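Here are a few exercises to work through with the structure open. Try each one before reading its solution.

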Amino acid sequence: MKLLVVIAVIAILVSIFTDPKKTWLGIKKGFLMFLKIAPAILAVLIMVSVVLYMLPNEIIIKYLGEEAGFSGYVFAAIAGSVALIPGFIAYPMSGILVKSGVSYPVIAVFITTLMMVGFLTMPIEMKYFGKKVPLIRNGLYFIAALLIGGLIGIFYSL
Amino acid sequence: MKAILRKNKLSLTVVLLFTVFTVVSVYIGFKPGVIIFKKHFFSFLMEMLLFLPIMFILIGLGDVWISREKVEKHIGSDSGFKGILLVIFLSMAQVGPLYGAFPVTYLLWKKGAGIRNIFIYIGAFCTIKIPMLTFEIGFLGWKFSLLRTLFSLPFIILIAVIMERILKNKNFRMQQP
């Protein structure tokens with residue numbers, strides 16, 4: 001967190017020295033993006049709050065925590081492949097899930113499939129690539145996401 | 001401002017309902033309502049309010065300073081290691097969801113980028129966009145972000161190579177919808 005603030009301050013200072021106008025434009029652009037995404041983030045926070053209240057931590061830990069094993073990965077991979085959540089929302093949500101007991105490798109599988117495998121967006125992909133290529137690509141990435149999660153799991157258990 | 005309100009009708013309805021629910025809960029002393037707000041929602045909200053504005057300022061600055069055209073100029077059909085690095089760098093500077101990558105890949109393909117580079121672009125676009133990395137580091141930490149990026153890169157390249165093997169000599173072509 002502190003580091004992020006330091007980086008931001010340095011970036012803004014360097015940017016101002018090089019081109020104040022451009023800096024102002026950039027800050028304005030960023031703030032507009034924030035405004036655009038804020039309602040959705042608020043709504044997700046509310047829903048996550050309600051779900052976390054109803055689901056006790058023990059259940060989350062049992063199915064998506066460190067002891068969940070492979071089934072936790074598969075669950076995360078399927079959820080990530082089907083879901084259509086932008087990263088701006090997925091990361092804050094993941095941060096909360098980790099604090100509630102979901103393991104880092106499971107989050108990695110979720111994030112990776114969320115970003116790389118698009119089950120619902122496959123029709124769009126097929127418009128560009130035809131039918132076969134998206135099927136192969138999404139399949140390969142689905143497997144890769146599980147492997148990436150496994151590798152991260154090994155590192156976190158060290 | 002109006003456009004933002006219109007586009008987020010559903011989200012804003014949720015926010016409004018939750019506000020009413022919380023106020024009523026506090027007023028009549030409905031415990032679950034108070035707990036959901038105090039224990040869960042409020043602490044999440046505070047964290048977001050600290051992180052998000054800083055991140056979006058960084059993203060805005062990145063958007064202004066890194067222009068796609070500048071990098072794109074340097075990816076012709078030249079392949080090899082330098083090509084891979086350039087494609088990765090180009091994709092890192094992007095924003096938006098996966099399906100936003102396809103129009104750009106179409107452009108790259110039309111300009112003569114190789115099959116491998118096209119799929120490296122898609123893979124890197126999905127996983128290591130700089131704006132996303134700032135979010136990832138902020139919410140999940142350096143260790144997680146670094147590990148995930150490091151482990152993802154070989155898979156991105158490997159899958160791109162597999163795709164190239166499969167599609168080579170198969171008359172691969174992209175189309176614009």
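**Exercise 1.** How many salt bridges are there between domain 1 of chain A and domain 2 of chain A? Work out what kind of contact the two domains make.

*Solution.* Keep in mind that this is a predicted model.

- Start with the bounds: the domain assignment of chain A puts 1-54 in domain 1 and 56-158 in domain 2.
- Next, the spacing: the C-alpha centres of these two domains of chain A are 25 Å apart.
- Now count who touches whom: 8 residues of domain 1 of chain A meet 7 residues of domain 2 of chain A.
- On to the question itself: the salt-bridge count between the two domains of chain A is 0.
- Polar contacts don't turn up either, with 0 residue pairs where both are at pLDDT 80 or more.
- By class, the side of domain 1 of chain A that touches domain 2 has 8 nonpolar residues, with no polar and no charged ones.
- Finally, the area: about 710 Å² is buried between domain 1 and domain 2 of chain A, and 88% of that sits on carbon and sulfur atoms.

**Exercise 2.** Describe the interface of chain B and chain A, and say which helix of chain B gives the largest share of its side.

*Solution.* Go from the totals to the parts.

- Chain B brings 66 residues to the contact and chain A brings 72.
- About 6,800 Å² gets buried between chain B and chain A, 84% of it on carbon and sulfur atoms.
- Look for salt bridges across the interface of chain B and chain A and you get 0.
- Polar contact does show up here: 4 residue pairs, both partners at pLDDT 80 or more, span chain B and chain A.
- Several helices of chain B supply at least two residues each to the side that touches chain A, among them H2 (9-28), H3 (31-65) and H9 (142-167).
- The largest share comes from H3(B), with 24 residues.
- Sort that side of chain B by class and you find 52 nonpolar, 8 polar and 6 charged residues.

**Exercise 3.** What is chain B built from, helices or strands?

*Solution.* Count the elements, then check burial and contacts.

- Chain B has 9 helices and 0 strands, so read from the N terminus its elements go α-α-α-α-α-α-α-α-α.
- Of the 177 residues in chain B, 47% are buried.
- Take the contacts in chain B with a separation of 6 or more: 71% of them join residues 24 or more positions apart.

How values were computed. Residues are numbered from 1 along each chain as its sequence is written. Chains are lettered from A and ligands numbered from 1 in the order in which they are written. This is a predicted model: local features need pLDDT of at least 70, side-chain atom pairs count only at pLDDT 80 or more; totals for chains, interfaces and linings use all residues. Side-chain values use heavy atoms; hydrogens and water are left out. Domain bounds come from an automatic or database domain assignment. Contact means heavy atoms within 4.5 Å. Buried area is the accessible area (1.4 Å probe) that two parts lose on being put together, summed over both. A salt bridge is a side-chain nitrogen of Lys or Arg within 4 Å of a carboxyl oxygen of Asp or Glu. A polar contact is a pair of N or O atoms within 3.5 Å; within protein, one must be able to donate a hydrogen and the other to accept it, and residues adjacent in sequence count only if both atoms are side-chain atoms. Ala, Val, Leu, Ile, Met, Phe, Trp, Tyr, Cys and Pro count as nonpolar, Asp, Glu, Lys and Arg as charged, and the others, Gly among them, as polar. Helices (H or I, at least four residues) and strands (E, at least two) are DSSP runs, numbered from the N terminus. Buried means under 20% relative accessible area, exposed over 50%, partly exposed in between (1.4 Å probe, protein chains only).
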